[in-house]
There are 2 protein chains.
Amino acid sequence: MVSKHRRQVALRRLHESLVDLISFTNLPRGDEELIAEAGVVLDQALFRLLVGVERFGPISVGEIAERTDRDHTTVSRQVAKLAELGLIERRSSPLDKRVKEAMVTAAGRRVTDALDAARMRLSTPVFEHWSDRDLLELERLMRRFADDLLSMSAMPKETDT
Amino acid sequence: MVSKHRRQVALRRLHESLVDLISFTNLPRGDEELIAEAGVVLDQALFRLLVGVERFGPISVGEIAERTDRDHTTVSRQVAKLAELGLIERRSSPLDKRVKEAMVTAAGRRVTDALDAARMRLSTPVFEHWSDRDLLELERLMRRFADDLLSMSAMPKETDT
DNA sequence: CAAATTATGTGCAAAATACACACGTTTTCA
DNA sequence: TGAAAACGTGTGTATTTTGCACATAATTTG
């Protein structure tokens, strides 16, 4: 059992690393290369939106708005653009005809697949010198980190149930 | 030694986790709470800029622009706003009088400290049930991940030197 | 079943953004 | 060395993006 203080330091450093990682993903080089690789011309906002729809879709406009902290009217217009480009598809939810779910089309999937492949090519060399153990541990722990964060925030403030 | 394919799967899942974490940090609840907690009224853009200047400063306008993938004129105006609010300070770089470095002031530091404290309060319960080993391993591996990414991208394409 | 709530979308005004351009500083190289 | 090119920053201005007010359709509530 390490000290409470040591754990606090770990939390602080964890956040620093996360900020660094986010900052890195924002670097233009990354997106530009990925986009060029995929052969699509999308501004960053639409690019991220497409990835989000692929990752979380079928998803509603309102849910995207919450996730990205933007007004739902803004998202509504961006979603319309992606639909015009044929990269995503809208359909009324069968359970609730108010919501118009968004999901990637075959064309949209081709784009995100190309992005995935490009990202794979760019990230593989980073882990070239990592041991299997470290790589798999990072995979396990980061997944758990994300899961725990999300489940905590989904809970009401009194988390006794 | 696990298979090449297993490692590829790990890379893919790693990216998914990272996207989830970024998505979480974008959730409005987080920033709003943090900002309210710190007793400051800043829109998200300025809030992130301040954190960035604290983390990477002293830093030039151009460097921030690259990091955030925004036009340098946009950043120039945002930086001016933060300076007006007294949260950051500008000074000509002694080495290159063209650049006007930005760095947090004492007042700005108070804000980011408050943000850090608030974040600590919010993130501590997430790791309450984590073992020391897992927490420290996550800290170590995420830091290495960020460091390796940055050092790779800093290198020229022929990385033999 | 009427009223309140929810999801989505449009008009419009305000804000953010990027391009063109300018100015001072540094680097390049003939 | 010195003139030209490149660089970092900042301002004016046109364009784009954003969010609020409001509208419509669908669902839930009581």
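**How much area do chain A and chain B bury between them, and what percentage of it is on carbon and sulfur atoms?**

Before the solution, two remarks on conventions. This is a predicted model, in which local features need pLDDT of at least 70 and side-chain atom pairs count only at pLDDT 80 or more, while totals for chains, interfaces and linings use all residues. Residues are numbered from 1 along each chain as its sequence is written, chains are lettered from A and ligands numbered from 1 in the order in which they are written, and side-chain values use heavy atoms, with hydrogens and water left out.

*Solution.* Begin with the general idea: the size of an interface is often given as the accessible area lost when the parts come together. Buried area is the accessible area, taken with a 1.4 Å probe, that two parts lose on being put together, summed over both. For chain A and chain B this comes to about 6,700 Å², and 65% of it is on carbon and sulfur atoms. Next, look at contacts (heavy atoms within 4.5 Å): 64 residues of chain A touch 62 residues of chain B.

**Exercise 2. Describe the build of chain A.**

*Solution.* Step one is to list the elements, where helices (H or I, at least four residues) and strands (E, at least two) are DSSP runs numbered from the N terminus. Chain A has seven helices and two strands, and from the N terminus on their order is α-α-α-α-α-β-β-α-α. Step two concerns burial, for which a residue is called buried under 20% relative accessible area, exposed over 50% and partly exposed in between, with a 1.4 Å probe and protein chains only. Of the 161 residues of chain A, 41% count as buried.

**Exercise 3. Find salt bridges that cross from chain A to chain B, and state how accessible their partners are.**

*Solution.* First fix the rule: a salt bridge is a side-chain nitrogen of Lys or Arg within 4 Å of a carboxyl oxygen of Asp or Glu. Over all chains the count comes to 33 salt bridges, and across the interface of chain A and chain B the rule finds 17.

Now take single pairs.

- A:Arg55 and B:Asp20 meet through their side chains at 2.7 Å, N to O, and this pair runs from helix α3 of chain A to helix α1 (residues 4–26) of chain B. A:Arg55 counts as partly exposed because its relative accessibility is 26%, whereas B:Asp20 is buried because its value is 5%.
- A:Asp134 and B:Arg140 form a salt bridge at 3.0 Å, N to O, which links helix α7 of chain A with helix α7 (residues 132–154) of chain B. A:Asp134, at 8%, counts as buried, while B:Arg140, at 36%, is partly exposed.
- A:Glu137 and B:Arg133 form a salt bridge at 2.8 Å, N to O, again from helix α7 of chain A to helix α7 of chain B. A:Glu137 is buried at 11%, and B:Arg133 is partly exposed at 42%.

Finally, salt bridges that share partners join A:Arg133, A:Asp134, B:Glu137, B:Arg140, B:Arg144 and B:Asp148 into one network.

**Exercise 4. Work out which parts of the protein surround DNA strand C.**

*Solution.* A residue is near a strand if one of its heavy atoms lies within 4 Å of it. Around DNA strand C there are 22 residues, and A:Gly62, A:Thr73, B:Asp71, B:Arg77 and B:Lys97 come nearest. Sorting the surface by class needs a rule: Ala, Val, Leu, Ile, Met, Phe, Trp, Tyr, Cys and Pro count as nonpolar, Asp, Glu, Lys and Arg as charged, and the others, Gly among them, as polar. The outcome is two nonpolar, eight polar and twelve charged residues. α5(B) gives the most to this surface, with five residues.

As a last step, consider polar contacts, which are pairs of N or O atoms within 3.5 Å; within protein, one must be able to donate a hydrogen and the other to accept it, and residues adjacent in sequence count only if both atoms are side-chain atoms. A polar backbone atom of B:Asp71 is 2.8 Å from a phosphate oxygen of DNA strand C, and a polar side-chain atom of B:Lys81 lies 3.4 Å from a phosphate oxygen of that strand.
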